[in-house]
Amino acid sequence: MTDAPIQERAIELVGVTKRFGNEVAVDELTLTIPKGTAFGFLGPNGAGKTTTIKMLMGMLRRDGGTTYVLGLDPALDAVAVKARVGYVPEQQFIHRWMRTREAISYCRAVFPVWNDQLCAELLKLFELDENKKVIHMSKGMVVKLALVLALSHEPELLVLDEPMAGLDPVVREELLDGVLQSVCDREQTILFSSHTLGDVQRLADTIGIIDHGRLLVRSDVDTLLSTTKRVRAVMKDGAAPTTPPDGTIRQQLKQREWLVTVKDFTPNTIEQLRAANEVDLVDVIDIGLEDIFKDYVRGRRASA
Amino acid sequence: MKAQLWKELRRNIHLIIAAGIVLLVPYAIATVVVLLYEPPRALPSRPFSWSVATTIAGNWSLALSMVLAAFVAGNAMAGERADRSAEFEAYLPITRGRAFRSKAIVAIGIMAAVWIANLGVWLLMGGSPAPFKPADYFAAIAFFSCTAALMFGVAWLFSSFARAPGNAAGAGILAVFLLGGTLMLISYVVDAGRAVEEKRLPFAILYIALCCSGGIACFIAGTMHYLRRVEP
């Protein structure tokens with residue numbers, strides 16, 4: 001995937017670093033997202049997701065590395081990048097005095113492309129009142145309006161930075177429907193950052209897990225789910241685990257029970273574990289995206 | 001550009017209303033005073049006419065406009081950071097140059113409207129009536145305009161990086177007090193032996209020169225900082 005020609009890459013980050021004082025928010029992050037994919041960007045709070053996204057949008061200066069968005073460097077061509085990217089941040093700060101129609105008319109004037117028909121369809125889908133002021137809208141309605149503004153200029157890349165945080169399941173569902181409808185119709189690339197793993201799993205075909213500004217894993221969702229397993233081994237009396245199998249992400253020992261989460265799991269993983277450790281019993285447990293995410297993050301923190 | 005101008009006008013609506021008050025209230029009060037004290041109730045020793053009233057009202061309005069200048073410039077950039085709408089603007093494809101132009105046109109436009117209206121009324125009423133001398137009127141205009149320029153420039157500079165428009169406006173007002181106070185102190189120490197009238201002129205000229213150059217320098221510095229800034 002990373003070897004795709006540059007014109008087929010929606011996003012390319014190579015060794016990108018961002019520091020705030022002495023704190024490293026993004027640490028030599030390298031990531032490629034091909035065009036036409038839906039990429040789920042996962043990470044705990046403070047992992048560096050929003051900082052990375054702001055650098056992609058040309059809203060924050062990077063301290064090192066190179067960044068390309070749709071073949072453009074956001075540090076040099078921020079306006080050209082913004083014209084081709086639809087962005088919905090976590091918190092919405094559309095001018096509070098604007099009415100829905102005023103916000104639309106303002107954005108229509110500043111974007112080089114604007115699809116009035118799509119805008120009208122989305123307004124209808126989200127049941128937004130054109131005369132309502134932003135200040136009088138609920139949080140869900142403002143996010144819907146932000147999504148209308150982000151999609152109506154037919155962006156090649158849609159960047160959603162945890163916009164659904166704090167929204168009720170009904171609104172989240174409506175927003176996801178809106179995004180999916182737009183993406184299916186236009187083959188857009190999506191970068192979707194969220195804590196709600198169910199939403200990510202529904203929308204994304206590839207995910208990346210980031211913590212402390214470093215990418216821990218990048219894989220398509222199906223492969224990740226099928227090759228990441230939790231191995232439960234019961235140790236023999238008096239024995240202690242010595243050598244975890246290759247690809248161990250995280251291990252926990254609870255009395256005689258040894259839980260090892262392994263990436264790139266194969267039957268050979270169990271043989272390797274049995275050969276190197278005194279174990280009585282070995283089980284393989286399928287785990288979901290949420291457990292995989294937690295184990296990657298906790299495993300990284302335990303090893304740090 | 002039209003959309004940005006509309007947004008800036010709408011965003012500054014409270015300051016446009018304030019400008020209207022600064023412009024109209026002195027004249028409204030002057031009108032009431034003239035109606036109350038027009039002949040035969042006026043004192044023969046103090047003839048009160050429409051031209052006298054409008055000259056006083058115009059000066060009053062221009063004096064108030066100095067403070068307005070600080071608030072208009074202070075709100076230009078910091079206002080959007082205060083309500084965080086700058087973050088919304090930051091992801092729209094608008095060049096910093098275009099954003100700057102719309103902000104500068106609206107901010108300078110508000111001030112120009114107040115000044116043009118006041119000077120227009122003064123000209124319409126036939127200039128400075130007795131007992132005012134044209135030289136005094138022009139001195140007052142020079143003082144008001146240069147003070148307003150310094151307040152505007154300093155507030156503009158602070159607005160380019162501040163998060164609170166009130167702080168930026170406050171910096172503009174404070175700068176005038178600091179400059180004026182320092183010059184008064186220097187004039188007292190340096191020329192202690194000379195009469196007040198004698199030493200007033202050079203320091204007045206120095207005050208005007210420093211206000212104008214400082215205001216312009218701060219406006220340019222604030223503009224450069226805003227244009228180069230990547231963050232909202």
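Author: Helices here are DSSP runs of H or I with at least four residues, and strands are runs of E with at least two. The model is predicted.

Reader: How many helices and strands does chain B have?

Author: Chain B has eight helices and zero strands. From the N terminus on, its elements run α-α-α-α-α-α-α-α.

Reader: What share of chain B counts as buried?

Author: Chain B has 232 residues, and 46% of them are buried. To count, a residue needs a relative accessible area under 20%.

Reader: How many aromatic pairs are there over all chains?

Author: The count is 16. One of them joins B:Phe88 and B:Tyr91.

Reader: What makes B:Phe88 and B:Tyr91 a pair, and why is it called edge-to-face?

Author: Take the distance first. The ring centres lie 5.7 Å apart, and rings pair if their centres are within 6.5 Å. Now the planes. They stand at 90°, and over 60 degrees counts as edge-to-face. B:Phe88 and B:Tyr91 therefore meet both conditions.

Reader: Are B:Phe88 and B:Tyr91 buried or exposed?

Author: B:Phe88 is buried, and B:Tyr91 is too.

Reader: How do you know that B:Phe100 and B:Trp156 are edge-to-face?

Author: Run the test again. The centres of B:Phe100 and B:Trp156 are 6.1 Å apart, with 80° between the planes. The limits are within 6.5 Å for pairing and over 60 degrees for edge-to-face. So B:Phe100 and B:Trp156 pass on both counts.

Reader: Which parts of chain B does this pair link?

Author: The pair links distant parts of the chain. B:Phe100 sits in helix α5 (residues 96-124), B:Trp156 in helix α6 (residues 134-159). They are 56 residues apart.

Reader: Why is B:Phe100 called buried?

Author: The relative accessible area of B:Phe100 is 16%. Buried means under 20%, so B:Phe100 qualifies.

Reader: What about B:Trp156: buried or exposed?

Author: B:Trp156 has 0% relative accessibility and therefore counts as buried.

Reader: Which residues form an aromatic cluster with B:Phe100 and B:Trp156?

Author: B:Phe152 and B:Phe219 join those two in one aromatic cluster.

Reader: How do you know that B:Arg96 lies over the face of B:Tyr226?

Author: B:Arg96 is at 4.6 Å from the ring centre of B:Tyr226. The distance limit is within 6 Å, and the charge must also be within 35 degrees of the ring normal. B:Arg96 is placed over the face of that ring.

Reader: Why are α1(B) and α5(B) called oblique?

Author: Helix α1 covers residues 2-11 of chain B. It packs against α5(B) at an angle of about 45°, with the axes 9 Å apart. Roughly parallel needs under 35 degrees, and roughly perpendicular runs from 65 to 115. The angle fits neither range, so α1(B) and α5(B) are oblique to each other.

Reader: Which hand does the crossing of α1(B) and α5(B) have?

Author: The crossing of α1(B) and α5(B) is right-handed.

Reader: Now chain A. What is its secondary structure?

Author: Chain A has ten helices and 13 strands. Of its 304 residues, 52% count as buried. Its C-alpha atoms fill a box of roughly 70 × 40 × 35 Å along the principal axes.

Reader: How is chain A divided into domains?

Author: Domain 1 spans 6-219 and domain 2 spans 229-286. Their C-alpha centres lie 40 Å apart.

Reader: Why is A:Leu176 called buried?

Author: A:Leu176 lies in helix α6 of chain A. Its relative accessibility is 2%. The cut-off is under 20%, so A:Leu176 counts as buried. A:Gln272 is 96 residues from A:Leu176 in sequence and 43 Å away in space, C-alpha to C-alpha.

Reader: What makes A:Ala165 partly exposed?

Author: A:Ala165 has a relative accessible area of 25%. Under 20% would be buried and over 50% exposed, so A:Ala165 falls in between. A:Ala165 is in the loop between β6 (157-161) and α6 (169-186). A:His195 is 30 residues along the chain from A:Ala165, with 7.6 Å between their C-alpha atoms.

Reader: What is the phi of A:Glu127?

Author: Phi of A:Glu127 is near 55°, a positive value. Most residues other than glycine have a negative phi. A:Glu127 lies in the loop between α4 (116-125) and α5 (139-151). At 66% relative accessibility, against a cut-off of over 50%, A:Glu127 is exposed.

Reader: Where is A:Glu154, and what is its phi?

Author: A:Glu154 is in the loop between α5 and β6 of chain A. Its phi is near 50°, again positive. A:Glu154 has 33% relative accessibility and therefore counts as partly exposed.

Conventions:
Residues numbered from 1 in each chain as written. Chains lettered and ligands numbered in written order. Predicted model: local features only at pLDDT ≥ 70, side-chain atom pairs only at ≥ 80, totals over all residues. Heavy atoms only, no water. Domains from an automatic or database assignment. Phe/Tyr/Trp six-rings, centres within 6.5 Å; stacked < 30°, edge-to-face > 60°. Buried < 20%, exposed > 50% of the residue type's maximum accessible area, 1.4 Å probe, protein only. Axes fitted to C-alpha atoms, helices over the stretch in contact; angles between N-to-C directions. Parallel < 35°, antiparallel > 145°, perpendicular 65-115°, else oblique. Left-handed = near helix turned anticlockwise from the far one by under 90°.
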